[in-house]
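Student: Could you take me through one part of this structure slowly, a single strand and whatever surrounds it? I would like to see how the pieces around that strand fit together.

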Amino acid sequence: MRRRPVNSSSLRSVGWFDGTLELEYLNGYIYQYFDVPQPTYAALLAAPSIGAYVNKHIKPYYEFREL
């Protein structure tokens, strides 16, 4: 999946394709979250704090796996 760099203190890049959200953290870990709607991805990119958005709106609601 192609990810785009983001300005975040915890994340290096994010990507979304066909409902799968991929997050690359600064520590090198990569996680995929499933069945994430495109508007949620757009809101993530527009959030003032990407890390806070992930913690509040992504982690509690979507299944994930570590790559």
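Tutor: Let us look closely at strand β3, bearing in mind throughout that this is a predicted model. The strand is mostly covered, since 6 of its 6 residues are buried. In a regular strand the side chains alternate between the two faces of the sheet. Here T20, E22 and E24 point one way from β3, while L21, L23 and Y25 point the other way, and all of them are buried.

To see what lies beside the strand, we can start with the sheet. It is an open sheet of 5 strands in the order β1-β2-β3-β4-β5, and the pairing is antiparallel. The edges are taken by β1, at residues 4–5, and β5, each of which has a single partner strand, so one side of each is left without a neighbour in the sheet. Helix α1 packs on this sheet, where it touches β1, β2 and β3, and its direction makes about 155° with that of β2. The other helix to notice is α2, which lies across β2, β3 and β4 and runs at about 135° to β3.

Now take the two neighbours of β3 in turn. On one side, β2 and β3 pair in the antiparallel sense over 6 bridges, and S13 stands opposite E24 of β3. These two strands form a hairpin with 2 residues between them, and D18 in the turn has a positive phi of about 50°. On the other side, 4 bridges join β3, which spans residues 20–25, to the antiparallel strand β4, with E22 standing opposite Q32 in β4. This pair of strands is a hairpin too, with 4 residues between β3 and β4, and in its turn G28 has a positive phi of about 100°.

The leucines of β3 lead us to the nonpolar core. In soluble globular proteins, nonpolar side chains tend to be buried together. The largest nonpolar core in this model has 16 residues, and those with the most contacts inside it are L11, L21, L23, Y33, L44 and V54. The elements that give two or more residues to this core are β2 (11–17), β3, α1 (38–46) and α2 (50–58), and the largest share, 4 residues, comes from α2. L44 shows how such parts meet: leaving out residues up to four places away in sequence, L44 touches V14, L21, L23, I50, Y53 and V54. Another residue to follow is T40, whose place is in helix α1. T40 has a relative accessible area of 15%, which is under the 20% limit, so this residue counts as buried. Leaving aside neighbours within four places in sequence, T40 is in contact with Y53, I58 and Y62.

Y25, the residue of β3 we have not yet followed, brings us to the aromatic rings. Together with Y31, Y33 and F64, Y25 forms one aromatic cluster, and a search of the whole structure finds 4 aromatic pairs. In one of these pairs, the rings of Y33 and F64 have their centres 5.5 Å apart and their planes at 35°, so the pair is tilted. The pair links distant parts of the chain, with Y33 in strand β4 (residues 30–33) and F64 in strand β5 (residues 64–66), 31 residues apart. The same two residues also appear in the strand pairing, where β4 and β5 pair in the antiparallel sense over 3 bridges and the bridge partner of Y33 in β5 is F64. Their surroundings can be compared as well: Y33 is buried, with a relative accessible area of 3%, whereas F64, at 47% relative accessibility, counts as partly exposed.

Finally, a record offers a label for much of this region. UniProt, in an unreviewed entry, places the feature "domain: KTSC" at residues 7–62. In the model, the end C-alpha atoms of residues 7–62 lie 23 Å apart, and the span is 32% helix and 30% strand.

Conventions
Residues numbered from 1 in each chain as written. Predicted model: local features only at pLDDT ≥ 70, side-chain atom pairs only at ≥ 80, totals over all residues. Heavy atoms only, no water. Phe/Tyr/Trp six-rings, centres within 6.5 Å; stacked < 30°, edge-to-face > 60°. Buried < 20%, exposed > 50% of the residue type's maximum accessible area, 1.4 Å probe, protein only. UniProt positions renumbered as here; feature names shortened; annotations may be inferred. Pairing = 2+ DSSP bridges. Core = buried A, V, L, I, M, F, W, Y, C linked by side-chain atoms within 4.5 Å. Contact = heavy atoms within 4.5 Å. Axes fitted to C-alpha atoms, helices over the stretch in contact; angles between N-to-C directions.
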